[in-house]
Amino acid sequence: RFPGLPCLYAGPREKTIYLPLECCRIAGGQRAVKTLTDKQKADVIRNSAKPAFEREKAIQNIVTKANFKSDPYMREFGLDVHPRMCELQGRVLPAPKMDFGNAQGMVVERGQWDMRNKSLCSGMTIGAWAMFVFVPQRQFDDR
């Protein structure tokens, strides 16, 4: 139906199976199970460690270079990308507190808890407990 659009490569690597995108549907509840490579992990850390204004500038450059207004695929699917970022009200949440056996209410400093010379709270017996599973029924095996 859309011969100029890219196709989805499916199947084992030994075979060449291409499926038209208009025939594909993503089933709900899908998740990525592949682990990231070391390079991908390093890229995520490096890119997320940049100051917000640098990330904003990089995103603005990508949007400008992509020239979405003249993209025929965007027009075909009725999509539009606004060139300006939206502004939202935000707030900084307080750091969580951890209770330890000898240091009640220890606060996070520089993104980490200092565990030196700390002991965990004493354990206790749990008389009754319950578990809640919040997954779609088709993903739950009650064995």
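Student: Which residues form a nonpolar patch on the surface?

Tutor: Quick heads-up: this is a predicted model, so local features need pLDDT (the predictor's confidence in each residue, from 0 to 100) of at least 70, side-chain atom pairs count only at pLDDT 80 or more, and totals for chains, interfaces and linings use all residues. Residues are numbered from 1 along each chain as its sequence is written, and side-chain values use heavy atoms, with hydrogens and water left out. A patch takes residues with over 30% relative accessible area and no salt bridge, joining like charges within 9 Å and nonpolar side chains (Val, Leu, Ile, Met, Phe, Trp, Tyr) within 5 Å. Here, the patch is formed by Ile-126, Trp-129, Met-131, Val-133 and Val-135.

Student: And how much accessible area do those residues have together?

Tutor: Accessible areas come from the Shrake-Rupley method with a 1.4 Å probe, and for residues only the protein chains shown count as cover. For the patch residues together, that gives about 590 Å².

Student: Is Ile-126 buried or exposed?

Tutor: Ile-126 sits in the segment after strand 4 (106–107). The labels go by relative accessible area: buried is under 20%, exposed is over 50%, and partly exposed is in between (1.4 Å probe, protein chains only). Because its relative accessibility is 62%, Ile-126 counts as exposed.

Student: In what order do the elements of the protein chain run?

Tutor: Helices (H or I, at least four residues) and strands (E, at least two) are DSSP runs, numbered from the N terminus. The protein chain has 3 helices and 4 strands. Starting at the N terminus, the order is β-β-α-α-α-β-β.

Student: Which element has the highest mean pLDDT?

Tutor: Across the protein chain, pLDDT averages 81, and 89% of the residues score at least 70. Strand 4 has the lowest mean among the elements, at 72. The highest, at 89, belongs to helix 2.

Student: What share of the 143 residues in the protein chain is buried?

Tutor: Let's begin with the outside: the accessible surface of the protein chain comes to about 14,100 Å², and 58% of that belongs to carbon and sulfur atoms. As for buried residues, they make up 4%.

Student: Which residues are joined into one network by salt bridges that share partners?

Tutor: A salt bridge puts a side-chain nitrogen of Lys or Arg within 4 Å of a carboxyl oxygen of Asp or Glu. Lys-39 forms one with Asp-43, their closest N and O atoms being 2.9 Å apart, and these two are separated by about one helical turn because they are 4 residues apart in helix 1 (residues 38–48). Asp-43 also meets Arg-46 in a salt bridge (2.2 Å, N to O); that pair, 3 residues apart, lies in helix 1 as well, and Arg-46 is partly exposed at 48%. Sharing partners, these bridges join Lys-39, Asp-43 and Arg-46.

Student: How far apart in sequence are the parts that Lys-69 and Asp-80 tie together?

Tutor: Lys-69 forms a salt bridge with Asp-80, with the closest N and O atoms 3.2 Å apart. Lys-69 lies in the loop between helix 2 and helix 3, and Asp-80 in the loop between helix 3 and strand 3 (97–98), so the parts tied together are separated in sequence by 11 residues.

Student: Which residue other than glycine has a positive phi near 50°?

Tutor: Look in the loop between helix 2 (52–66) and helix 3 (72–76). The residue there counts as partly exposed because its relative accessibility is 41%. With phi near 50°, that's Asn-67.
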